[in-house]
Amino acid sequence: MDLKAFKDKLFTAAQAAGFEEYELYCQNGARTTINIFNQEVQQFTNAASTGVSFRGKFGGKMGYASSERIDDTVVGFLIESAKANATIIETVEIEELHGGDANYPAVQNHNSDLANVTSEDKIEKAMKLEAAAKAFDERVKAVPYCAFVNGEQEVLIANSKGLDVFDKSNHMFAYAYCQASDGTSTKMDGDSHVGFDFDKFDPVSLGENSAKKALESLGASPVPSGKYKVVLENSCASDLLGVFFPAFSAEQAQKGFSILAGKLGEKVASDAVSIVDDPLLPWQVGTRAFDSEGVAARTKTVVDMGTFKTFLHNTKTARKDGVSPTGNGLKTAFNAPVTIGGTNFFIQPSGTSLDDLLAQVGDGLMITDFAGLHAGANPVSGEFSLQAQGFVIKNGKKERPVELITASGNFFQLIAKVEAVAGDLKFQIPGMHGNIASPSLLISSLDIAGN
C-alpha cells in the first residue's frame, strides 16, 4: 500500500477515535549476508523487514501499537490497540510528540552505487577476502569467519503536530577471522572493514591484515603482575568506550545509574580527552538527519578537554532536565520504545601516530583485545576486570605477544590518566549503543595481574 495513503487513513481514524495527538513511525529495511568457508558460499540471505508503529495520546496518556503489515486491514487494529494500551497505563509521566524543527541538515549516508552492486560481485569479493587470508602464510590453517554484509534502510516519521521527515541510508561491512597455528600455539584474530563504497573495498588487503593479526599473537605468554604504562589499541579502546557509553545517557542518570550524575561542568577525564557525538559525519553508519523522534541531528561535544559538557537526551529526558533534546532518541527496532543511543560517538583523535605513542611509552604494554567485556565490566560504577592480550613494549617497540593477563581499574579513572591520544581513529561494526570509536590511548598506569 502507498505509505502516504496509509498515513492519511490512519490519521483520519485516530482523529475520529478521539486521540489528542498521534504519530506514525515506518521502517523499511533489507539486509544481504554472505558467509564463505573454504571457497564455498555457506550462507546467502536476502532478508527484508518492514514495520510500522503508531503512538497516540488518549485521555492524557500515550498508547502504542505496531504491525509488520501496511494495509487497510491494520488501521483499526493499530487504533484500538493503542487506545487500550493508553487506558491501562498507570504512570503519570508526561510524554509529548515532537512537532518538528525548522531545518534539517543534509547528510551523506546513502550511496546509490552500493545499492546497485550485484550479488555475484559481492560473492566474488567475499571469496577473495578468504583466499587472501589463507594464502598469506602457511600457518593460517583456516578462516572460520568470513563474511560480507550490506544493509539498506528507509525511515519515515509523521505526526499530527506537523512532523513529516524521511531518511534513506545504506552501508556495507566485511570481516575475516583467521585461525593460526605454529604447532605449539593456536590463535584466532582478524579485522573488519566498514564503508559505503564497494569499489574502494580491498578484500586482499583486509584478508592479509586479518591473517597478520592472528599470526602476531602466536607464542604469547604472561607478564609479571604490576602497574604498567599501557597503550590501548584503537579497537580495544573503542570496545571499552562502548561498554561505558550508558554513563553518558541522561536516562541512566535520571534513574540513578550513571556515575556522571551531578557532574556537568566538572573534570571527568584528562585534558587529552574530548568526546564527540556527531551524526553529521559524512559516510558513517551513525550518520542521520534526525533521530527516532524526528529531532534534528546536531553535533555535540560531550567531553571537552576532560570537562563534562552534556548528557545525551531524548525528548522525555530533556523535558525532565529543562534542556533541549540532543537528537539521541533511538529506536532499536520499529516496534521498540525510544531510548537513548549514540550516533557517531568517539574520542577525538590527534595528529600523533601509533608509533609515536609507543615511543612515548618506552617500556610497558600494548593491549589489543579484552575478553568478557559485558561480564567483567560494570557500566554503573565504572569498574572493570578483564582478561586481556597484547604485546610487551620495549624501547618504544612491540617486542613479544602477551596473553593470560587481567587488566583492572575504573573507566573514569582510566580516561583521567590518558597522557596522549593517537590519530588512528577507526570506526568498526556498530554495537548496541551506536557507532562508537576511539583512537589508541596512552594510559599512564594500569593494574595488570599476570604471573
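Here are some worked exercises on the predicted model shown above.

**Exercise 1. Laying out the six-stranded sheet**

Task: Work out the strand order in the open sheet of six strands, and say why β3 and β6 each have one side without a neighbour.

Solution:
- Step 1. Write down the order: β3-β2-β1-β4-β5-β6, paired in the antiparallel sense.
- Step 2. Look at the two ends of that list. β3 (61-67) and β6 (186-195) are the edge strands, and each has a single partner strand, so one side of each lacks a neighbour in the sheet.
- Step 3. Add the twist, which averages 20° from one strand to the next.
- Step 4. Zoom in on one edge. β5 (residues 164-181) and β6 run antiparallel and are joined by ten bridges. If you want a residue pair to click on, take Ala180, whose bridge partner in β6 is Lys187.

**Exercise 2. Placing the helices on that sheet**

Task: Find which strands helix α1 touches, and which strands helix α2 lies across.

Solution:
- Step 1. Start with α1 (residues 3-16). Helix α1 packs on the sheet and touches β1 (21-37), β2 (40-58), β4 (140-159) and β5.
- Step 2. Check its direction: α1 makes about 140° with β1.
- Step 3. Move on to α2 (residues 75-88), which lies across β2 and β3 and runs at about 145° to β3.
- Step 4. Now look for a side-chain link. Lys9 and Asp72 form a salt bridge, with their closest N and O atoms 3.0 Å apart. Lys9 sits in helix α1 and Asp72 in the loop between β3 and α2, so to speak a link between distant parts of the chain, 63 residues apart.
- Step 5. For context, a search of the whole structure turns up 19 salt bridges.

**Exercise 3. Describing the domain interface**

Task: Describe how domain 1 and domain 2 meet: how many residues are in contact, and what area is buried?

Solution:
- Step 1. Get the bounds. The domain assignment gives 1-217 for domain 1 and 226-449 for domain 2, and their C-alpha centres are 23 Å apart.
- Step 2. Count the residues: 43 from domain 1 are in contact with 36 from domain 2.
- Step 3. Turn to area. The size of an interface is often quoted as the accessible area lost when the parts come together. Here the two domains bury about 3,100 Å² between them, with 60% of it on carbon and sulfur atoms.
- Step 4. List the polar side of things. Three salt bridges cross the interface, and nine residue pairs are in polar contact there.
- Step 5. See what domain 1 brings. β1, β2, β3, β4, β5, β6 and α5 (203-216) each supply at least two residues of the side that touches domain 2. β5 gives the most, with six residues.
- Step 6. Inspect one salt bridge by eye: the side chains of Lys187 and Glu403 meet at 2.2 Å, N to O.

**Exercise 4. Following the β14-β15-β16-β19 pairings**

Task: Trace the pairings from β14 to β15, from β15 to β16 and from β16 to β19.

Solution:
- Step 1. β14 (residues 364-371) pairs with β15 (residues 383-394) over seven bridges in the antiparallel sense. Ala371 has Gln387 of β15 as its bridge partner.
- Step 2. Eleven bridges join β15 to β16 (residues 397-410), again antiparallel. Ala388 stands opposite Ile405 in β16, and Gln387 has Thr406 as its bridge partner in that strand.
- Step 3. Check the turn. β15 and β16 make a hairpin with two residues between them, and Asn395 in the turn has a positive phi of about 50°.
- Step 4. Finish with β19 (residues 441-449), which runs antiparallel to β16 and is joined to it by three bridges. Thr406 stands opposite Ala449 in β19.

**Exercise 5. The five-stranded sheet**

Task: Which strands are at the edges of the open sheet of five strands, and which helix packs on it?

Solution:
- Step 1. The order is β10-β9-β8-β13-β18, with mixed pairing.
- Step 2. The edge strands are β10 (307-308) and β18 (435-437), each pairing on one side only.
- Step 3. β13 (residues 344-347) and β18 run parallel, joined by three bridges; Asn344 has Asn435 as its bridge partner in β18.
- Step 4. Helix α6 (residues 234-243) packs on this sheet, touching β8 (275-277), β13 and β18, and its direction makes about 125° with that of β18.

Technical notes:
Residues are numbered from 1 along each chain as its sequence is written. This is a predicted model: local features need pLDDT of at least 70, side-chain atom pairs count only at pLDDT 80 or more; totals for chains, interfaces and linings use all residues. Side-chain values use heavy atoms; hydrogens and water are left out. Two strands pair if DSSP finds at least two bridges between them. Helices (H or I, at least four residues) and strands (E, at least two) are DSSP runs, numbered from the N terminus. Axes are lines fitted to C-alpha atoms, for helices over the stretch in contact, and angles run from 0 to 180 degrees between N-to-C directions. Contact means heavy atoms within 4.5 Å. Domain bounds come from an automatic or database domain assignment. Buried area is the accessible area (1.4 Å probe) that two parts lose on being put together, summed over both. A salt bridge is a side-chain nitrogen of Lys or Arg within 4 Å of a carboxyl oxygen of Asp or Glu. A polar contact is a pair of N or O atoms within 3.5 Å; within protein, one must be able to donate a hydrogen and the other to accept it, and residues adjacent in sequence count only if both atoms are side-chain atoms.
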